[in-house]
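Let's take a friendly tour of a protein model with its sequence and 3D view side by side. Keep the picture open and follow along as we go.

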Amino acid sequence: MSIVLAAKNINKYFKKPVRFHVLKDISFKIEKGEFSSIMGKSGCGKSTLLYILSTMDTDYEGELYLNDELVTGDSREKLSYIRNKHIGFVFQFHYLLSEFSVLENVMLPAKKLAERTLKEIEHNAILQLKTLNIEHLARKKASQISGGEKQRVAIARALINNPSIIMGDEPTGNLDSYNSDNVFNIFKQLSDEKGLSLLVVTHDEDFAKRTDRIITMEDGSIIS
Amino acid sequence: MPNWSVILNIAKTHLLTKIKQTVTAALGVTFGIGAYITLVSFMTGLNGMLDDLILNQTPHIHIYNEIEPSKNQPIDLYDEFKNSFNVVHSIKPKLSQRKIHNAFPIIDYLKEDENVRGAIPQIKTQIFYIAGSIELGGNLTGIYPLEEAKLFNFKDYIIKGSPEALQNANNGILLGSGIAKKMSLDIGDRIQISTIKGHIFPLRIVGIYQSGIADLDAIQSFVNLKTVQRILGEAENYATDINVKLHDIDIAFDMSKKIEKQFHVKAVDINTANAQFETGTTIRNLITYAVSITLLIVAGFGIYNILNMLIYEKMNDIAILKATGFSGKDVQLIFMSQAIIIGIAGGILGLLIGFIFTSIISTIPFATDALPTIETYPINFNVWFYVIGIVFAMISTFFAGYLPSQKAKKIDPVQIIRGQ
């Protein structure tokens with residue numbers, strides 16, 4: 001099995017208001033096709049870790065590898081490109097661009113990547129919406145659809161560039177149990193059928209238990 | 001390499017969904033540019049008119065014989081007083097002839113000079129207009145009407161008749177409008193004039209002249225050069241004044257000094273004669289530009305303000321764009337292009353409004369005795385004002401957009417996403 005994401009001895013300090021050691025010497029690997037979740041109490045540093053893994057936070061010590069390539073120390077432009085191409089993101093709050101249509105939201109990262117023609121991108125986006133059973137929403141404004149639907153649109157957007165890994169920051173945290181189940185099933189399906197790697201930070205124990213692997217954190221360290 | 005179609009598409013959507021703010025910001029620019037175009041066209045139009053008033057009818061160099069005391073008094077010839085301090089009381093001006101010696105060879109010489117656009121002779125003399133037993137004092141100037149029209153816009157000041165009519169009429173006179181009114185005369189009528197020596201000549205009125213200066217129009221009339229020579233009983237080479245027009249007005253001073261030295265005549269250049277007029281032009285231009293720039297800076301602050309607010313509202317959008325792979329530079333370009341679009345749209349509309357405004361102003365009647373040729377307010381429709389206007393709109397919106405967009409570029413997506 002190849003390694004999609006690897007963290008080596010990652011340390012992070014918050015400097016304000018006082019110096020605080022948030023992440024303590026974190027090392028772990030995620031294999032291709034693995035569906036992992038990170039559990040832990042509030043303030044244990046799991047979200048902080050996720051933002052480092054996502055390359056958005058660059059203020060840390062240690063090394064981060066994506067597809068066996070070191071990304072630590074790359075320029076911001078390069079990191080933007082890596083996020084665009086290799087990482088799909090799903091947040092707790094849906095974070096769609098509310099003034100754009102659902103379809104445009106899904107297409108946006110692919111347009112930015114600009115590896116395919118506009119027609120192909122639109123075709124792919126509709127395909128993604130179809131697999132998530134929301135193609136009927138394509139022309140609606142992102143602000144006009146429900147929370148569960150928004151999260152599915154966000155997943156479709158995360159998938160549009162065929163990323164190496166999908167990261168989720170409490171993707172079900174804001175959803176009722178029906179929609180949570182729905183989102184979990186989508187993730188599970190992606191992992192099983194398409195061999196996609198997933199890394200999800202969650203509070204939800206039921207959600208975590210059903211994933212392949214649970215990484216438990218406490219006080220800035222991985223304990224299991 | 002920024003992906004322009006995506007960036008512009010996002011910018012467009014932002015602008016269209018906040019159409020009210022966009023329009024407000026654009027109207028700020030529109031107002032600034034519109035006011036600039038209106039002001040500058042109107043002011044330079046007026047300036048041009050006032051300049052023409054002086055420049056067109058004033059020769060760049062005026063050559064004549066001045067009646068003045070001679071510089072060398074008899075006492076200077078005595079060797080015995082050479083080293084003394086001499087005081088001479090009640091000096092009288094020297095009797096010299098009004099005629100310019102060799103006037104026509106001088107004119108031919110000047111016409112050869114490549115800096116000279118034209119040089120024409122005039123004869124100025126005092127006469128009386130005779131109405132029954134009343135004699136009205138006046139000035140009569142002998143001219144070449146067609147050349148005067150060509151070089152000094154003489155035609156603009158002929159309110160009735162034409163230079164050609166004067167040229168063709170042997171005994172024609174172009175009567176000042178003031179005298180014509182006083183004596184109830186009009187085109188086609190006859191008038192008698194008397195020279196200082198008492199010779200009386202009948203002349204036929206072929207036109208009415210009005211300079212706009214009432215005192216002048218009450219005395220001044222024009223006839224052909226040859227007619228004056230005949231009236232005065234002078235030879236055909238008699239001329240009292242030479243008016244020179246140059247291609248470049250800036251060399252007038254040096255040229256006049258040269259002529260004075262070379263021909264022993266008095267030569268006055270236009271700048272010396274009308275020093276005050278250039279000061280007026282400069283200050284009017286200064287005021288125009290100061291007001292316009294102030295307006296545009298105010299518009300710039302409006303754009304700055306609105307973009308700043310927009311960026312605060314779009315914090316989440318910026319974070320999500322950055323999380324999904326848009327770089328800080330892309331985000332900056334999104335907001336910069338919004339500013340530039342506002343600038344261009346507002347600017348073009350401003351140019352249009354400025355054009356409409358000035359077009360309306362240029363049809364408003366503006367009748368003044370001072371300028372018989374002017375019927376409406378003078379407007380200078382110069383393409384360069386429009387070029388400067390749109391460039392200035394883009395520059396000012398660029399700077400107004402730069403600072404807020406710089407802020408958007410630096411926004412840390414992690415902070416926004418965590419802050420929720």
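How many bridges join strand E5 (residues 172-176) of chain B to E7(B)? Five bridges join this pair, and the two strands run parallel. Before we go further, keep in mind that this is a predicted model.

## Around strand E7 of chain B

In the parallel pairing of E5(B) with E7(B), you can look for Leu175(B), which stands opposite Ile208(B). Ile208(B) is also the bridge partner of Lys160(B). That second link belongs to strand E4 (residues 158-160) of chain B, which is joined by two bridges to strand E7 (residues 200-209) of chain B, and here the strands run antiparallel.

Next, find strand E6 (residues 190-195) of chain B. Five bridges join E6(B) to E7(B), and these strands run antiparallel. Within this pairing, Ser194(B) stands opposite Ile200(B). E6(B) and E7(B) form a hairpin with four residues between the strands, and in that hairpin Gly198(B) takes a positive phi near 105 degrees.

What holds such neighbours side by side? Strands of a sheet pair through backbone hydrogen bonds, either parallel or antiparallel.

## Chain B as a whole

Now zoom out. Chain B has 15 helices and ten strands. Of its 420 residues, 38% are buried.

Contacts can also be sorted by how far apart the partners sit in the sequence. Taking the contacts in chain B with a separation of 6 or more, 78% are between residues 24 or more positions apart.

## A six-stranded sheet in chain A

Turn to chain A. Six strands form an open sheet here, in the order E6-E7-E8-E3-E9-E10, and the pairing is mixed. Why is one side of E6 (87-90) and of E10 left without a neighbour in the sheet? These two strands of chain A stand at the edges and each has a single partner strand, so one side of each stays unpaired. Helix H5 (residues 147-159) of chain A packs on the sheet, where it touches E6 and strand E7 (165-169) of chain A. The direction of H5 makes about 170 degrees with that of E6(A).

Ser37(A) is a handy landmark in this sheet. On one side, Ser37(A) stands opposite Val200(A) in E8(A); E3(A) and strand E8 (residues 197-201) of chain A pair in the parallel sense over four bridges. Ser37(A) also stands opposite Ile214(A) in E9(A), and five bridges join strand E3 (residues 35-40) of chain A to strand E9 (residues 213-218) of chain A, again running parallel.

The pairing of E9(A) with strand E10 (residues 221-222) of chain A is antiparallel, with two bridges. Met217(A) has Ile222(A) as its bridge partner in E10(A). These strands form a hairpin with two residues between them, and Asp219(A) takes a positive phi near 50 degrees there.

## A four-stranded sheet in chain A

Chain A also has an open sheet of four strands, in the order E2-E1-E4-E5, with antiparallel pairing. Which strands are at its edges? They are strand E2 (20-31) and strand E5 (69-70) of chain A, each pairing on one side only. Strand E1 (residues 3-14) of chain A is joined to E2(A) over eight bridges in the antiparallel sense, and the bridge partner of Tyr13(A) in E2(A) is His21(A).

Helix H1 (residues 46-53) of chain A packs on this sheet, touching E1, E2 and strand E4 (61-66) of chain A. The direction of this helix makes about 125 degrees with that of E1(A).

## Where the chains meet, and the cores

The contact between the chains takes 18 residues from chain B and 23 residues from chain A. On the chain B side, the elements that give two or more residues are helix H1 (4-17), helix H12 (315-323) and helix H15 (413-419). By class, that side has seven nonpolar, nine polar and two charged residues.

Finally, look inside. The largest nonpolar core has 115 residues, of which Leu53(A), Val106(A) and Ile303(B) touch the most other members. Helix H2 (residues 19-55) of chain B gives the most to this core, with eleven residues. Another core, of 49 residues, lies apart from it and includes Leu110(B), Ile127(B), Tyr129(B) and Tyr238(B).

Terms used: Residues are numbered from 1 along each chain as its sequence is written. Chains are lettered from A and ligands numbered from 1 in the order in which they are written. This is a predicted model: local features need pLDDT of at least 70, side-chain atom pairs count only at pLDDT 80 or more; totals for chains, interfaces and linings use all residues. A nonpolar core is a set of buried Ala, Val, Leu, Ile, Met, Phe, Trp, Tyr and Cys residues joined through C-beta atoms within 7 Å. A residue is buried if 20 or more other C-beta atoms lie within 10 Å of its own, exposed if 12 or fewer, and partly exposed in between; C-beta atoms are placed from the backbone. Two strands pair if DSSP finds at least two bridges between them. Two residues are in contact if their C-beta atoms, placed from the backbone, lie within 7 Å. Ala, Val, Leu, Ile, Met, Phe, Trp, Tyr, Cys and Pro count as nonpolar, Asp, Glu, Lys and Arg as charged, and the others, Gly among them, as polar. Axes are lines fitted to C-alpha atoms, for helices over the stretch in contact, and angles run from 0 to 180 degrees between N-to-C directions.
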